[in-house]
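Me: Here is a model I'd like to go through with you, term by term. Could you tell me each time what a label rests on?

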Amino acid sequence: MQIRNATALVTGANRGIGLALVKALLNSGAKKIYAGARDVKTLEAVVALDRARVQPLHLDVTHAEHIHAATAAAPDVTVLINNAGILEFGSFVDVAADKVARQFATNFYGKLNMARAFAPVIEANGGGAIINMLTLVALASMPGLSTYNASKAAAWSMTQSLRATLASKNIQVFGVFPGAVDTDMLAGVDMPKTHPADIASAIISGVESGTEDIFPDPMSTQLYAAWKTDHKAVERQFALM
Ligand SMILES: NC(=O)c1ccc[n+]([C@@H]2O[C@H](COP(=O)([O-])OP(=O)(O)OC[C@H]3O[C@@H](n4cnc5c(N)ncnc54)[C@H](OP(=O)(O)O)[C@@H]3O)[C@@H](O)[C@H]2O)c1
């Protein structure tokens, strides 16, 4: 899948990795980018990157009517990047029930409902790609991020099923498993983090090279190698964090 001349839709494009993805798509020659955000006013700087190619899109991925409207507003999409996500800290026994529901609504159902809505659009446009932003902790759980891990692990399973289902429709499905990235999501967490621009660039390279599971930074690459060798050792390592 080549990005040059593709028409992409990025959810959560107003900041963090989403914003970096818009910049990387522009640099890679995308024809058009729909930049989705819950509040379109937060997209002013994103649209200003290239007013001819970046179009703002009012899109909360937890709202069915927004998703339906997006398919009408963006009928030429060939690449969907399901980037929007939220993280609530806490263990399974103490995280509030509404926080559990909110994370699944965004991190799992948001991706699922966007994929279900846009797969026919992408197919009608001759095929393309769906890229799901997952996380390294989908592979092995960190107890302090318990429900976030679970929502992303469910999204990983969904990614695998979609990949098999959509292959015959000429739609490639990618999963991205970053380690710690320097965005608002991990603000206040003191640990080595990768710059979002490097994550975005690795995602574009992975998609263009047909790498289904993309580990876009040194932390994720190293831990994936360790997980393949001994997944129980990684589980025990994460349990101590
Ligand atoms: N940062 C990390 O270390 C890391 C590691 C692995 C994976 N990831 C994943 O990478 C993706 C991007 O994260 P980030 O680091 O860029 O986080 P971020 O800086 O917190 O940005 C999250 C983005 O998602 C948007 N969003 C949240 N809920 C939404 C909804 N219901 N509908 C539409 N947009 C929504 C936010 O919009 P608002 O501005 O309206 O809140 C924001 O644009 C997420 O899926 C995250 O789980 C991040």
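Reply: Happily! Two strands pair if DSSP finds at least two bridges between them, where a strand is a DSSP run of E of at least two residues and a helix a run of H or I of at least four, both numbered from the N terminus. This is a predicted model, in which local features need pLDDT of at least 70 and side-chain atom pairs count only at pLDDT 80 or more, while totals for chains, interfaces and linings use all residues. Residues are numbered from 1 along each chain as its sequence is written, and side-chain values use heavy atoms, with hydrogens and water left out.

Me: How do you know that β4 and β5 pair?

Reply: DSSP gives β4 and β5 four bridges in the parallel sense, and the rule asks for at least two, so they count as paired. Within this pairing, asparagine 82 has asparagine 132 of β5 as its bridge partner.

Me: What about β2 and β3?

Reply: β2 (residues 32-37) and β3 are joined by five bridges, again parallel, and isoleucine 33 is matched with valine 54 in β3.

Me: What is the order of the strands in the sheet, and what makes a strand an edge strand?

Reply: The open sheet has seven strands, ordered β3-β2-β1-β4-β5-β6-β7 with parallel pairing. β3 (54-58) and β7 (213-214) each have a single partner strand, so one side of each lacks a neighbour in the sheet, and that puts them at the edges.

Me: Which strands does helix α1 lie across, and how is α1 oriented to β1?

Reply: Helix α1 (residues 16-27) lies across β1 (7-10), β2, β3, β4 (79-82) and β5 (128-133), at about 170° to β1. Helix α4 (residues 97-124) also packs on the sheet, where it touches β1, β4, β5 and β6 (171-176) and makes about 175° with the direction of β4. These angles run from 0 to 180 degrees between N-to-C directions, with axes fitted to C-alpha atoms and, for helices, over the stretch in contact; contact means heavy atoms within 4.5 Å.

Me: Why is alanine 8 called buried?

Reply: Buried means under 20% relative accessible area, exposed means over 50%, and partly exposed is in between, using a 1.4 Å probe on protein chains only. Alanine 8 has 1% relative accessibility, so it counts as buried. This residue sits in strand β1 and touches Leu25, Lys32, Ile33, Tyr34 and Val79, leaving out residues up to four places away in sequence.

Me: Why is β5 described as largely enclosed?

Reply: Six of the six residues of β5 are buried, so the rest of the structure largely encloses this strand.

Me: Why does glutamine 103 count as buried?

Reply: Its relative accessibility is 0%, so glutamine 103 falls in the buried class. Glutamine 103 belongs to helix α4, and its contacts beyond four places in sequence include Ile86, Leu87, Tyr148 and Ser151.

Me: What makes the histidine 66 and aspartate 60 pair a polar contact?

Reply: A polar contact is a pair of N or O atoms within 3.5 Å; within protein, one must be able to donate a hydrogen and the other to accept it, and residues adjacent in sequence count only if both atoms are side-chain atoms. Here the backbone nitrogen of aspartate 60 is 2.9 Å from a polar atom of the histidine 66 side chain. Histidine 66 lies in helix α3 (residues 64-73) and is buried at 16% relative accessible area.

Me: Why is asparagine 5 called exposed, and what is notable about its phi?

Reply: The relative accessible area of asparagine 5 is 53%, so it is exposed. Its phi is near 70°, a positive value in a residue other than glycine. Most residues other than glycine have a negative phi. Asparagine 170, in the loop between α5 and β6, also has a positive phi, near 65°.

Me: Which residues line the largest cavity, and which element gives the largest share?

Reply: A cavity is a set of points on a 1 Å grid over the protein atoms alone where a 1.4 Å probe fits but cannot get out, and lining residues have an atom within 4 Å of a point. The lining consists of Leu136, Leu139, Ala140, Leu223, Tyr224, Trp227, Val234 and Phe238, with the largest share, three residues, coming from α7.

Technical notes: On a 1 Å grid over the protein atoms alone, a cavity is a set of points where a 1.4 Å probe fits but cannot get out, and a pocket is an open set with protein on both sides within 12 Å along at least five of seven lines; lining residues have an atom within 4 Å of a point.
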